[in-house]
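Work through the exercises below with the structure in view. Try each task before reading its solution.

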Amino acid sequence: MLTDPISDFLTRVRNAQSAGHKVVEIPASKIKKEITKILFDQGYIANYKFEDNAVQGNIKIALKYDKKTGKPAIKSIQRASRPGLRYYAGADELPRVLNGLGIAVISTSKGVMTGKQAKNEHVGGEVICYVY
């Protein structure tokens with residue numbers, strides 16, 4: 001049994017990229033699907049596919065690498081809020097990642113979104129992870 005499925009999601013992506021895999025398969029959940037959509041929209045992953053088979057389903061993520069150097073598009077992906085220590089931020093104190101070059105994924109009352117979108121909509125929430 002997993003105590004923190006979001007950390008498992010981030011770790012699977014991080015490990016697959018460090019091993020040079022092209023595709024990673026992850027057990028699905030609603031919040032993992034939303035994080036995957038954000039990563040795709042922001043250009044950190046090449047593509048994704050939701051497979052709804054049996055009970056839980058899977059997410060297949062095609063990882064993105066630089067064509068010349070072969071380095072992964074995601075340089076760092078870190079969990080901010082965890083089950084033992086939740087991290088909430090108001091609309092005025094949302095974190096900036098790498099001085100605006102990275103993204104913070106925020107779970108708000110209006111859904112899961114990036115820190116910039118949350119700041120524009122003037123909502124705060126739980127800071128899930130940082131990506132750059």
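**Exercise 1. Aromatic pairs**

Task: Find how many aromatic pairs there are, and classify each by its geometry.

Solution: The structure is a predicted model. Counting ring pairs whose centres lie within 6.5 Å gives two aromatic pairs.

Step 1. A pair of aromatic rings is described by the distance of the centres and the angle of the planes.

Step 2. Take Phe40 and Tyr48. Their ring centres are 5.3 Å apart and their planes meet at 75°. Planes over 60 degrees apart count as edge-to-face, so the pair of Phe40 and Tyr48 is edge-to-face.

Step 3. Take Tyr48 and Phe50. Here the centres are 5.0 Å apart and the planes are at 45°. An angle that is neither under 30 nor over 60 degrees counts as tilted, so the pair of Tyr48 and Phe50 is tilted.

Step 4. Put the pairs together: Phe40, Tyr48 and Phe50 are linked into a cluster by ring pairs.

**Exercise 2. Surroundings of the cluster**

Task: Decide whether Phe40 is buried, partly exposed or exposed, do likewise for Tyr48 and Phe50, and find which charged end sits over the ring of Phe50.

Solution: Buried means under 20% relative accessible area and exposed means over 50%, with partly exposed in between.

Step 1. Phe40 has a relative accessible area of 32%, so Phe40 is partly exposed.

Step 2. For Tyr48 the value is 25%, so Tyr48 is partly exposed.

Step 3. Phe50 has 27% relative accessibility and therefore counts as partly exposed.

Step 4. The charged end that sits over the ring of Phe50 belongs to Lys33, at 5.3 Å from the ring centre.

**Exercise 3. A strand pair**

Task: Describe how strand E2 is joined to E3.

Solution: Step 1. Strand E2 covers residues 45-51, and six bridges join E2 to E3.

Step 2. The two strands E2 and E3 run antiparallel. Lys49 stands opposite Lys60 in E3.

Step 3. E2 and E3 form a hairpin, with six residues between them. In the turn, Ala54 has a positive phi of about 55°.

**Exercise 4. Domains and cores**

Task: Work out why the largest nonpolar core lies between the two domains.

Solution: Step 1. The chain is divided into domain 1 (5-63) and domain 2 (77-131). Their centres, taken over C-alpha atoms, are 19 Å apart. In the contact, domain 1 takes part with eleven residues and domain 2 with 13 residues.

Step 2. The largest nonpolar core has 24 residues, and Ile61, Val105 and Val131 have the most contacts inside it. Among the elements that give two or more residues to this core are helix H1 (5-19), strand E3 (58-63) and strand E8 (125-131). H1 gives the most, with five residues.

Step 3. Both domain 1 and domain 2 give residues to this core, so the core lies between them.

Step 4. Look at Val131. Beyond its neighbours within four places in sequence, Val131 is in contact with residues including Leu39, Tyr44, Ile74 and Ile103.

Step 5. A second, separate core has eleven residues, including Leu94, Val97, Ala104 and Tyr130.

Note on methods. Residues numbered from 1 in each chain as written. Predicted model: local features only at pLDDT ≥ 70, side-chain atom pairs only at ≥ 80, totals over all residues. Heavy atoms only, no water. Core = buried A, V, L, I, M, F, W, Y, C linked by side-chain atoms within 4.5 Å. Buried < 20%, exposed > 50% of the residue type's maximum accessible area, 1.4 Å probe, protein only. Helix = DSSP H or I, 4+ residues; strand = E, 2+ residues; numbered from the N terminus. Domains from an automatic or database assignment. Contact = heavy atoms within 4.5 Å. Phe/Tyr/Trp six-rings, centres within 6.5 Å; stacked < 30°, edge-to-face > 60°. Lys NZ or Arg CZ within 6 Å of the ring centre and 35° of its normal. Pairing = 2+ DSSP bridges.
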